[in-house]
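Please take a moment to look at the chain as a whole before turning to its parts. The paragraphs after the display will lead you through it step by step.

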Amino acid sequence: MSDGAIHLLVGTTKGAFVLDGDVDRTRWSVRGPYCGGWTINHVVGDPATGTLWAGGGGDWSGAGVWRSPDLGRTWEPTKLTTGELDRWAAEEPDFAESLGWTDQVAPFGEDFSQVWSLGRAGDRLYAGTKPASLLVSDDDGGTWAKVKGLTDHPSAQEWSPGAAGLVLHTIVADPQDPERMWVGISAAGVFATEDGGVTWERRNDLADPADGEGNSHPAAASDGHTGFCVHHLERAAGQDGLLYQQNHHGVWRSEDGGLSWRDVTAGLPSTFGFPLQVHPRDGRTLWTVPLNGDTEGRYPP
């Protein structure tokens, strides 16, 4: 960040936290919880300005994005949808007064319950929601609009929810070209845009179609596709077109921006998992946390 220190941004079901560390990471202090005790699914920051954004919400609060201009010391919410709290408070003035509730404009009504992911592409801020839609803001999170090119994608009627619902959980931008982005939706797959979100292409094709044939699991690769239940998506820094995904049935690598995917699960103790991270300087080094399987308990083997 611009102050020269190390800041670890953490989202939890009790709000956002900021862990401040010295440059050699030997001492840490914890600040928080922030964001009014909301469930926070993702926190991102702008290293140049120290501005932070936190996305979250739920059935009770509705969805929103919180913004901090000062590395998390103060926060202001932008409410996007309404929740049970708003309906209850609107009907019970005494309850509303006890909470200090005021009627706020929620531009998306009850369209979605949570913000699950945030991403920065050039001067634009993006948010992925549950149920899956992609939002964009041109004023640092003050106002938002739906990215209709994805919302109205011809395949949208085929999207089906995973166990956690239909979630747009990953937003990946090309730092050299803000018009170029990828998103991951469970369970709809990987989508890419080359024109800043005007048009989107579904990118789930196998590089080796025969490798995925014959597996009976409904989320496994088949019919020439990786399987649409992608769990996480990452881009390798400094290597154009190199992407990785952990999906419901393995870890996969693409050398061509997601146009084709190759299974690289061999050597892992299982095919199932969620977290995935590429080394910030070595795009061929990847971390994942395997879980023992879909129906076996979902814990590390």
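What follows is a walk from the confidence of the model, through some of its strands, to a few chosen residues.

The model shown here is predicted, and it is sensible to begin with how confident the predictor is in it. Averaged over the chain, the pLDDT is 92, and 97% of the residues score at least 70. Within the chain, the lowest confidence is found in α2, with a mean of 88, while the highest belongs to strand β10 (residues 134-137), at 98.

Let us turn to the strands, beginning with an open sheet of 3 strands whose order is β1-β2-β3 and whose pairing is antiparallel. Because β1 (6-12) and β3 (28-34) stand at the edges and have a single partner strand each, one side of each is left without a neighbour in the sheet. From one strand to the next, the twist averages 20°. Strands of a sheet pair through backbone hydrogen bonds, and they may do so in a parallel or an antiparallel way. In this sheet, β1 and strand β2 (residues 15-21) run antiparallel and are joined by 7 bridges, and you can find Leu8 standing opposite Leu19 in β2.

Another set of strands can be followed through β6. Strand β5 (residues 52-58) runs antiparallel to β6, with 7 bridges between them, and a hairpin of 3 residues connects β5 to β6. β6 also pairs with strand β7 (residues 76-79), again in the antiparallel sense, over 4 bridges. A good residue to look for here is Arg67 in β6, which has Trp53 opposite, and Arg67 also stands opposite Glu76 in β7. How many of the 7 residues of strand β6 are buried? The number is 6, so strand β6 (residues 62-68) is largely enclosed by the rest of the structure.

We can now move from strands to pairs of charged side chains, of which the salt bridges number 18. One of them brings together the side chains of Lys146 and Asp111, with a distance of 3.3 Å from N to O. This pair links distant parts of the chain, since Lys146 belongs to strand β11 (residues 145-146) and Asp111 to the loop between α2 (93-99) and β8 (114-121), 35 residues apart. Lys146 counts as partly exposed because its relative accessibility is 28%, and Asp111, at 43%, likewise counts as partly exposed.

Another salt bridge is formed by Arg202 and Glu158, whose closest N and O atoms are 3.3 Å apart. Because Arg202 lies in strand β15 (residues 201-202) and Glu158 in the loop between α3 (148-151) and β12 (167-174), the pair ties together parts that are 44 residues apart in sequence. Here Arg202 counts as partly exposed, at 22% relative accessibility, whereas Glu158 is exposed, with a relative accessible area of 55%.

Asp174 and Arg235 also form a salt bridge, with 3.5 Å between the closest N and O atoms. Asp174 lies in strand β12 and Arg235 in strand β16 (residues 230-235), so this pair ties together parts that are 61 residues apart in sequence. Are these two residues buried or exposed? Asp174 is buried, with a relative accessible area of 6%, and Arg235 is buried as well, at 14%. Salt bridges that share partners place both residues in one network, which joins Asp174, Arg180, Glu194, Glu201, Arg203, Arg235 and Asp240.

One member of that network, Arg180, deserves a look of its own. Arg180 is found in strand β13 (residues 177-186), and it counts as buried because its relative accessibility is 12%. Its side chain and that of Asp240 are joined by a polar contact of 2.5 Å. Arg180 touches several residues farther along the sequence than four places, among them Ala173, Asp174, Glu194 and Gly241. Thr193, which is 13 residues away in sequence, lies 5.6 Å from Arg180 in space, C-alpha to C-alpha.

The last stop is Gln246, in strand β17 (residues 243-247). Gln246 is buried, with a relative accessible area of 1%. Where does the side chain of Gln246 reach a backbone oxygen? It reaches that of Thr271, at 3.1 Å, and a polar contact of 3.3 Å also joins the side chains of Gln246 and Thr288. The residues that Gln246 touches, leaving aside those up to four places away in sequence, include Val230, His231, His232, Phe272 and Leu276.

Notes: Residues numbered from 1 in each chain as written. Predicted model: local features only at pLDDT ≥ 70, side-chain atom pairs only at ≥ 80, totals over all residues. Heavy atoms only, no water. Helix = DSSP H or I, 4+ residues; strand = E, 2+ residues; numbered from the N terminus. Buried < 20%, exposed > 50% of the residue type's maximum accessible area, 1.4 Å probe, protein only. Polar contact = N/O pair within 3.5 Å; in protein donor to acceptor, adjacent residues only side chain to side chain. Contact = heavy atoms within 4.5 Å. Salt bridge = Lys/Arg side-chain N within 4 Å of Asp/Glu carboxyl O. Pairing = 2+ DSSP bridges. Axes fitted to C-alpha atoms, helices over the stretch in contact; angles between N-to-C directions. pLDDT = per-residue confidence, 0-100.
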